[in-house]
Amino acid sequence: MAIMSALWRLGTGTAREIHEHLEDPMGRAYTTTATVLDRLFTKRLVSRKREGKAFVYRARLSQDVIERELAQQQVARLLGAEPLPAIATLVDAVESVDPELLDELARVVNARRRKSRGP
């Protein structure tokens, strides 16, 4: 995610440029950044184009899309096989952050129900 975040900020960049724009590059070698970018390319999360001796990378998916997918994976893991206790805990956590968010949660749930029922 650190590499993707740097790439989103830059728009496009070589492995060297992306490595230089990592928020916390300490302990990460340039070669690690290049290897991760190659793996992201293999997974089709980034595209690349050769310019001279280097590849220039671009994210294929927006930050919103990736973050939503990661959030969905985390929620699925959280809910697990017995979702009711996790749901109750989630409601408690939302309420502790901002009680008005419960109203927003109810609004989203109701909108989803209306959408799934159709006209």
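**Exercise 1. Find the volume of the largest pocket and describe its lining.**

Step 1. The largest pocket has a volume of about 570 Å³. A pocket, on a 1 Å grid over the protein atoms alone, is an open set of points where a 1.4 Å probe fits, with protein on both sides within 12 Å along at least five of seven lines. Its lining residues have an atom within 4 Å of a point. A volume is the space filled by probe spheres set on the points, which are joined across faces, edges and corners.

Step 2. There are 15 lining residues, and those closest to the centre of this pocket are V75, L90, L105, V108 and V109.

Step 3. At least two lining residues come from each of α4 (63–79), α5 (83–97) and α6. The largest share, 6 residues, belongs to α6. Helices (H or I, at least four residues) and strands (E, at least two) are DSSP runs, numbered from the N terminus.

Step 4. By type, the lining holds 11 nonpolar, 1 polar and 3 charged residues. Nonpolar covers Ala, Val, Leu, Ile, Met, Phe, Trp, Tyr, Cys and Pro; charged covers Asp, Glu, Lys and Arg; the others, Gly among them, are polar.

The model is predicted: local features need pLDDT of at least 70 and side-chain atom pairs count only at pLDDT 80 or more, while totals for chains, interfaces and linings use all residues. Residues are numbered from 1 along each chain as its sequence is written, and side-chain values use heavy atoms, with hydrogens and water left out.

**Exercise 2. Describe the second largest pocket.**

Step 1. Its volume is about 200 Å³.

Step 2. The lining is made of M1, I3, M4, V36, R39, L40, K43, L45 and I66. Two or more of these residues come from each of α1 (2–10) and α3.

Step 3. With 3 residues, α3 gives the most to this lining. The residue types are 7 nonpolar, no polar and 2 charged.

**Exercise 3. How many salt bridges are found in the whole structure, and where do they lie?**

Step 1. The search finds 3 salt bridges. Each is a side-chain nitrogen of Lys or Arg within 4 Å of a carboxyl oxygen of Asp or Glu.

Step 2. D38 and R48 pair at 2.9 Å, N to O. D38 belongs to helix α3 (residues 30–42) and R48 to strand β2 (residues 46–51), so the bridge ties together parts 10 residues apart in sequence. Both are partly exposed, D38 at 35% relative accessibility and R48 at 26%. Buried means under 20% relative accessible area, exposed over 50%, and partly exposed in between (1.4 Å probe, protein chains only).

Step 3. In the pair of E51 and K49, the closest N and O atoms are 3.4 Å apart. E51 is partly exposed at 44%, whereas K49 is exposed at 52%.

Step 4. R107 and E104 meet at 2.6 Å, N to O. Both lie in helix α6 (residues 100–117), 3 residues apart, about one turn of the helix.

**Exercise 4. Is T14 buried or exposed, and which residues does T14 touch?**

Step 1. T14 sits in the loop between β1 (12–13) and α2 (15–20).

Step 2. Its relative accessible area is 17%, so T14 is buried.

Step 3. Leaving out residues up to four places away in sequence, T14 touches A54, F55, V56 and Y57 (contact: heavy atoms within 4.5 Å).
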